[in-house]
Amino acid sequence: VHRLQREQQVREEEWQLQLDAVKKQKKDLESRLAGVDWEKVASDDLQIRQLETALKKAQQDHSEELSTLQAKIRWYVENQEILTKNDELVQQQSQTIENLRGRVAELDGALKACSRGGVSGDPKLVAKLRRRVEELERALKKRDSGRP
């Protein structure tokens, strides 16, 4: 009885294996008839995952490069603003220096005119003009020594 049961169990297992194999073959045939190649689908799926990984890497690289370029642009803009302000300051200082030189020349000319005319004139005015000329000359020297 045990032997028969054992033989019956072995036959059932063999039939089950055969049934599983037939089911797989049936599925493969149905897929082929339906136009689906499961091996190709699996291969395509693998390629898709690889391409998605490559795309993520490329996007990350692009993002890093973009950040670097934006930082360089910010630096350039800031430096341009500084250079523009410096140019404006130099231009203002040059104009002030020219104005002071003109004023010194004017006062110097007035002083020479007074001394040529033999004007012993108003000594207070002459002293005041000389002090003013000296002040302007000191201011001019001070500005000239501060220039690059």
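**Exercise 1. Where do Lys24 and Asp28 lie, and how many residues apart are they?**

Solution. Residues are numbered from 1 along each chain as its sequence is written. The model is predicted, and local features need pLDDT of at least 70, side-chain atom pairs count only at pLDDT 80 or more, and totals for chains, interfaces and linings use all residues, while side-chain values use heavy atoms, with hydrogens and water left out.

Step 1. Both Lys24 and Asp28 belong to helix α1, at a spacing of four residues, about one turn of the helix. Helices (H or I, at least four residues) and strands (E, at least two) are DSSP runs, numbered from the N terminus.

Step 2. The two side chains meet in a salt bridge at 3.3 Å, N to O. A salt bridge is a side-chain nitrogen of Lys or Arg within 4 Å of a carboxyl oxygen of Asp or Glu.

Step 3. Lys24 counts as exposed because its relative accessibility is 54%, whereas Asp28, at 28%, counts as partly exposed. Here buried means under 20% relative accessible area, exposed over 50%, and partly exposed in between (1.4 Å probe, protein chains only).

**Exercise 2. State which pattern the chain follows along the sequence, and how confidence is distributed.**

Solution. Step 1. The chain has three helices and zero strands, and its pattern reads α-α-α.

Step 2. The average pLDDT of the chain is 86, and 92% of the residues score at least 70. This score is the predictor's confidence in each residue, from 0 to 100.

Step 3. Within the chain, helix α2 (residues 38–116) has the highest confidence, with a mean of 90, and helix α3 (residues 123–146) the lowest, with a mean of 81. Where pLDDT is low, the predicted coordinates should not be read in detail.

**Exercise 3. Describe helix α1 and the residue just after it.**

Solution. Step 1. Helix α1 (residues 2–34) comprises 33 residues, and the distance from its first C-alpha to its last is 47 Å, close to the 48 Å expected at 1.5 Å a residue. The expected span is 1.5 Å times one less than the number of residues.

Step 2. Gly35, just after α1, adopts a positive phi of about 90 degrees.

**Exercise 4. Set the overall dimensions of the chain against those of a compact globule.**

Solution. Step 1. The radius of gyration of the chain is 50 Å, whereas a compact globule of 148 residues would have one near 15 Å. The radius is taken over C-alpha atoms, and the globule rule is 2.2 Å times the number of residues to the power 0.38.

Step 2. Along the principal axes, the C-alpha atoms fill a box of roughly 155 × 35 × 15 Å.

Step 3. Individual pairs add detail: the C-alpha atoms of Thr96 and Arg11 are 114 Å apart, with their positions 85 residues apart along the chain. For Ala71 and Pro123, 52 residues apart along the chain, the C-alpha separation is 67 Å.

Step 4. Buried residues account for 7% of the 148 residues.

**Exercise 5. Which residues make up the largest nonpolar core?**

Solution. Step 1. The six residues are Leu100, Val104, Leu107, Leu129, Val133 and Leu136. Helices α2 and α3 each supply at least two residues of this core. A nonpolar core is a set of buried Ala, Val, Leu, Ile, Met, Phe, Trp, Tyr and Cys residues joined through side-chain atoms within 4.5 Å.

Step 2. Leu136 is in contact (heavy atoms within 4.5 Å) with Leu100, Arg103, Val104 and Leu107, once its neighbours within four places in sequence are left aside.

**Exercise 6. Examine further salt bridges, beginning with Arg103.**

Solution. Step 1. The structure holds ten salt bridges. One of them joins the side chains of Arg103 and Glu106 at 2.6 Å, N to O. These residues are separated by about one helical turn because they are three residues apart in helix α2. Arg103 counts as partly exposed, at 34% relative accessibility.

Step 2. Elsewhere, Arg3, Glu7 and Arg11 are joined into one network by salt bridges that share partners. Within helix α1, Arg11 and Glu7 are four residues apart, about one turn of the helix, and their side chains form a salt bridge at 3.5 Å, N to O.

Step 3. Arg11 is partly exposed, at 40% relative accessible area, and Glu7 is also partly exposed, at 32%.
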